[in-house]
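Thanks for asking me to look this one over. Here are my notes, set out as numbered points to read beside the model.

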Amino acid sequence: MGILEWAISPLGQNVPIHIAWFLIWVAVIAGMAFLVVHAVYMRYFAGEKEFAGGATPAQAAQLPKRVPRHSLAARLFHWIMAAAMFTLLFTAFLPRVGVQFDWVTYHWIAGVVLTLSILFHIVHATFYMDFWSIWPDRADLEDARRRVQRFLGRTAALPRKFAKYPLENKLYHGAILLTGLAVVVTGVCMMWRVRTLFFPRNPYLFSDLTWGLMYVLHGLAGVSLITLVIVHVYFAVRPEKLPITASMIVGSMSREFYVQEHDPQRWVVEPVLDPEQGMADGD
Ligand code: HEM
């Protein structure tokens with residue numbers, strides 16, 4: 001049982017046509033397995049988180065009561081992208097597991113919404129947000145090394161508190177970026193295979209082999225997104241992460257949560273004159 005399905009092209013070539021659909025279940029099971037292993041680890045084995053540094057009481061007292069985290073534009077992007085992503089996953093995979101409906105039109109429309117929202121996000125993140133906040137830096141790698149050493153029972157300095165995004169979030173963003181770009185670039189090309197509002201259908205745009213490889217890449221990135229979305233939703237609903245999830249709705253988090261998890265030198269929040277009132281807009 002291979003991971004691809006093959007067919008003979010009109011020229012007699014053996015070409016891949018798409019992924020084998022059992023990979024949908026592999027992706028679902030991988031996501032569920034991660035969830036169970038992580039939940040058991042957190043419940044029975046993980047100790048209290050220990051950090052070095054962080055805000056002093058004097059610094060904390062100057063912070064706004066609600067620390068701004070996501071601007072309205074960033075939150076709108078997130079929820080529009082999430083709606084498009086769920087629509088894409090359900091329209092793509094439900095028909096493969098026996099729920100038949102006319103999925104293609106809903107699928108490419110959601111694909112266009114996802115593509116436009118990602119283009120918006122690239123411009124917004126490059127020119128209006130702190131672009132580097134989502135990329136791993138030297139301190140992340142050094143702290144990850146310290147955490148692994150301490151987990152293995154070796155002596156190592158305490159890791160620092162996080163910048164705006166912990167290393168795990170940055171790595172997740174990298175994985176979503178690669179899989180997201182793969183489905184978008186292949187998906188836009190695949191729109192020439194179906195009838196859309198934008199251009200006449202042209203299934204001869206690429207050779208059979210190129211089309212086949214494109215469908216395979218689209219499918220592989222697509223099933224990877226099943227696992228990534230399961231993992232993302234799992235973390236979003238974990239009790240200790242709820243303040244972060246809530247900040248994606250209301251835009252801010254409490255001063256106490258910020259002080260507990262974040263290093264004010266790595267994620268700078270402007271002090272305010274009246275900490276009980278002030279709240280600027282986030283990135
Ligand atoms: C979460 C993201 C996405 C997932 C999981 C996904 C999944 C899939 C799957 C499994 C197929 C069937 C491929 C096959 O038969 O081998 C497909 C087809 C297709 N997708 Fe996506 N896709 C995603 C994003 C996109 C995007 C962003 C676009 C457009 C910009 C798009 C446009 C298309 C088109 C036009 C087809 C071809 C339908 C056909 O040939 O009948 N997809 N997608």
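1. Let me begin with a single residue: is histidine 262 buried or exposed? Bear in mind that this is a predicted model. Histidine 262 is buried, because 24 other C-beta atoms lie within 10 Å and the cut-off for a buried residue is 20 or more. You will find histidine 262 in the segment that follows helix H9 (255-261). Leaving out residues up to four places away in sequence, histidine 262 touches Lys161, Phe162 and Trp267. Methionine 32 makes a useful landmark here: 230 residues separate it from histidine 262 along the chain, and the two C-alpha atoms are 29 Å apart.

2. Now for the chain as a whole. The protein chain has nine helices and four strands, and along the sequence they follow the pattern β-β-α-α-β-α-α-α-α-α-α-β-α. Along the principal axes, the C-alpha atoms fill a box of roughly 75 × 45 × 35 Å. Of the 283 residues of the protein chain, 18% count as buried. If you take the contacts between residues at least 6 apart in sequence, 75% of them join residues at least 24 apart.

3. The start of the chain is worth a look. Strand E1 (residues 4-8) pairs with strand E2 (residues 14-19) in the antiparallel sense, over five bridges. One of the pairings puts glutamate 5 opposite histidine 18, its bridge partner in E2. The two strands form a hairpin with five residues between them, and glycine 12 in the turn has a positive phi of about 85 degrees.

4. Next, the surroundings of the ligand. Which residues come nearest to the ligand? Of the 25 residues around the ligand, they are His18, Ala92, Gly111, Gly187 and Gly222. Helix H3 (72-93), helix H4 (104-127), helix H6 (167-190) and helix H7 (208-237) are the elements that give two or more residues to this shell. H4 gives the most, with seven residues. Sorted by class, the shell has 16 nonpolar, eight polar and one charged residues. His18 deserves a second glance, since it is among the residues that come nearest to the ligand and is also the bridge partner of glutamate 5.

5. On to the nonpolar cores. The largest has 17 residues, and those with the most contacts inside it are Ile24, Ala84, Leu88, Leu114, Val223, Leu225 and Ile226. Helix H1 (22-45), H3, H4 and H7 each supply at least two residues of this core, and H7 gives the most, with six residues. A second, separate core of five residues includes Leu63, Val67, Met253 and Val269. Going back to Leu88 in the largest core, leucine 88 touches His107, Ala110, Gly111 and Leu114 when residues up to four places away in sequence are left out.

6. Two helices can be read side by side. H1 has 24 residues and reaches 33 Å from its first C-alpha to its last, close to the 34 Å expected at 1.5 Å a residue. H1 is hardly covered, with a count of two buried residues among its 24. H6 also has 24 residues and reaches 34 Å, close to its expected 34 Å. The buried residues of H6 are Gly180, Val183 and Gly187, and they pack against H4 and H7. Gly187 also appears in the list of residues that come nearest to the ligand.

7. Where does methionine 191 lie? Its place is the loop between H6 and H7. Methionine 191 is partly exposed, because 17 other C-beta atoms lie within 10 Å. Setting aside neighbours within four places in sequence, methionine 191 is in contact with Trp108, Thr196 and Phe198. Methionine 214 is 23 residues away along the chain, and the C-alpha atoms of the two methionines are separated by 12 Å.

8. Finally, is threonine 105 buried or exposed? Threonine 105 lies in helix H4. Threonine 105 is exposed, because 12 other C-beta atoms lie within 10 Å and a residue counts as exposed at 12 or fewer. From threonine 105 to valine 184 the distance is 16 Å, C-alpha to C-alpha, with the two residues 79 apart in sequence.

Definitions and conventions. Residues numbered from 1 in each chain as written. Predicted model: local features only at pLDDT ≥ 70, side-chain atom pairs only at ≥ 80, totals over all residues. Near = placed C-beta within 6 Å. Nonpolar A, V, L, I, M, F, W, Y, C, P; charged D, E, K, R; others polar. Contact = placed C-beta atoms within 7 Å. Core = buried A, V, L, I, M, F, W, Y, C linked by C-beta atoms within 7 Å. Expected span 1.5 Å × (residues − 1). Pairing = 2+ DSSP bridges.
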